Amino acid sequence: MTNPSNNEIDIVKSNKSKIHDVDFENLTFGRTFTDHMFVCDYIDGKWQQPKIMPYQAMTFEPSARVFHYGQAVFEGMKAYKDDSGKVWLFRPEENHRRINISAARLAMPEFPKDYFFNGLETLLKIDKDWIKSGVGNSLYLRPFVIATEPAISASPANSYRFMIICSPAKAYYSGKVRVLFAEQYSRSANGGVGFAKAAGNYAAQFYPTSLAQEKGYQQIIWTDANTHEFLEEAGTMNIFFRINNTLITAPISDRILDGITRRSIIQLAEDNGVVVEVRRVPVNEIKEAARNGSLKEIFGAGTAAVVSPISAFEHGNDVFEIPDIEKSFASMFKNQLQEIQHNLSDDKHNWRREVK
Ligand code: COI
């Protein structure tokens with residue numbers, strides 16, 4: 001990979017902020033964007049001069065490969081502001097690492113680390129007023145890369161655009177989430193792209209999820225594509241099951257996203273002396289545990305969703321309601337995670353990175 005000799009950013013600022021039009025108490029996830037965005041093109045084997053410019057619509061040729069073959073990857077991250085006004089990122093090196101893992105799987109070029117952090121941190125400093133302090137508030141960051149080359153032969157592009165857009169966020173799911181365990185459709189297959197944050201992984205879920213929504217479920221918990229007997233992930237979140245006091249989650253694989261929140265929760269569980277089993281999770285085991293009362297919790301974990309308790313699931317026409325529980329693992333891990341993210345507690349694993 002060849003990079004330009006420096007990653008100095010060409011900055012054009014917006015002449016009027018939109019911030020005063022935003023009701024920060026009533027945000028719908030992913031609908032409101034800050035004043036600026038970061039853009040860097042890849043042409044002729046090189047990342048070009050990065051830019052920060054006012055958030056705006058862009059023009060692409062209709063033949064751009066992304067529109068035809070879905071050559072696109074993205075990340076989800078958040079910035080937090082503490083009560084003294086300092087801005088923090090949570091394990092951002094992991095997002096940089098993962099976008100490059102995703103890109104490699106889709107035959108896209110890696111984005112250099114110095115470009116990523118310089119772009120992200122400069123953008124956050126420019127749009128810092130959009131980050132509201134207080135637990136529950138964050139600025140959701142969406143780095144992504146698309147294939148821009150105007151050519152419709154089915155092969156990797158030779159030009160790309162890397163961008164970061166930012167959206168103030170509160171909760172992704174309002175209230176508890178009811179889920180359907182997948183019995184027919186699949187999200188990913190062995191040797192596929194399930195582990196990558198590839199745009200197409202999300203599009204592939206929309207139709208089955210809309211069928212689930214018609215039945216009153218917000219999400220699907222995907223099962224392995226071969227047998228549909230093992231629970232894997234929810235598509236917007238990794239999934240944890242608590243049987244009695246043991247926390248169980250599926251191992252990452254080429255079908256499952258290596259979630260940063262997932263990994264953080266496994267670490268927090270170990271820090272709290274909770275027994276964690278990372279192993280295949282049979283649907284039948286969870287149904288049996290729901291029947292005999294040993295299933296105490298199911299919750300999802302992801303950047304956007306943070307930690308989202310699941311209140312019910314359906315499989316094979318059996319519906320199981322999961323009763324509320326005091327001192328849930330979900331609320332304990334959510335609080336501990338948010339306290340670290342908002343600089344309210346010790347950060348013994350060095351997960352926070354200040355944007356200076
Ligand atoms: C995230 O949690 O950042 C995700 O990428 C999920 C997304 C579909 C909102």
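This section describes the domains, their interface, the nonpolar cores and one buried arginine in a predicted model.

The chain is divided into two domains. Domain 1 spans 10-169 and domain 2 spans 177-341. Their C-alpha centres lie 27 Å apart.

The two domains touch through residues on both sides. From domain 1, 23 residues are in contact with 22 residues of domain 2. Together the domains bury about 1,900 Å². Carbon and sulfur atoms account for 62% of that area. Polar interactions are also present. The rule finds 11 residue pairs in polar contact across the interface, both partners being at pLDDT 80 or more. Two salt bridges are counted between domain 1 and domain 2. Separately, Arg97 forms a salt bridge with Asp258, with the closest N and O atoms 3.9 Å apart. On the domain 1 side, four elements each give two or more residues to the surface that touches domain 2. These are strand S5 (72-74), strand S6 (77-81), strand S7 (87-90) and helix H2 (92-105). Helix H2 supplies the largest share, with seven residues.

Attention turns next to the nonpolar cores. In soluble globular proteins, nonpolar side chains tend to be buried together. The largest nonpolar core in this model has 52 residues. Within this core, Phe38, Trp47, Leu124, Leu141 and Phe162 have the most contacts. Both domains contribute, each with at least three residues. Phe162 illustrates the packing. Beyond its neighbours within four places in sequence, Phe162 is in contact with the aromatic residues Phe38, Trp47, Phe111, Phe116 and Phe144. Other contacts of Phe162 include Val39, Cys40, Ile99, Pro143 and Val145. A second core of 25 residues is separate from the largest one. Among its members are Met237, Ile286, Ala289 and Ile298.

Arg255 is a charged residue in a loop of domain 2. This loop runs between strand S14 (246-249) and helix H5 (260-271). Is Arg255 buried or exposed? Its relative accessibility is 13%, so Arg255 counts as buried; the cut-off for buried is under 20%. The side chain of Arg255 makes a polar contact of 2.4 Å with that of Asn190. Leaving aside neighbours within four places in sequence, the residues in contact with Arg255 include the acidic Asp224, Glu232 and Glu233. Arg187, Ser188, Ala189 and Asn190 are also in contact with Arg255. Gly194 and Phe195 complete the list.

Methods: Residues are numbered from 1 along each chain as its sequence is written. This is a predicted model: local features need pLDDT of at least 70, side-chain atom pairs count only at pLDDT 80 or more; totals for chains, interfaces and linings use all residues. Side-chain values use heavy atoms; hydrogens and water are left out. A nonpolar core is a set of buried Ala, Val, Leu, Ile, Met, Phe, Trp, Tyr and Cys residues joined through side-chain atoms within 4.5 Å. Buried means under 20% relative accessible area, exposed over 50%, partly exposed in between (1.4 Å probe, protein chains only). Domain bounds come from an automatic or database domain assignment. Contact means heavy atoms within 4.5 Å. Buried area is the accessible area (1.4 Å probe) that two parts lose on being put together, summed over both. A salt bridge is a side-chain nitrogen of Lys or Arg within 4 Å of a carboxyl oxygen of Asp or Glu. A polar contact is a pair of N or O atoms within 3.5 Å; within protein, one must be able to donate a hydrogen and the other to accept it, and residues adjacent in sequence count only if both atoms are side-chain atoms.
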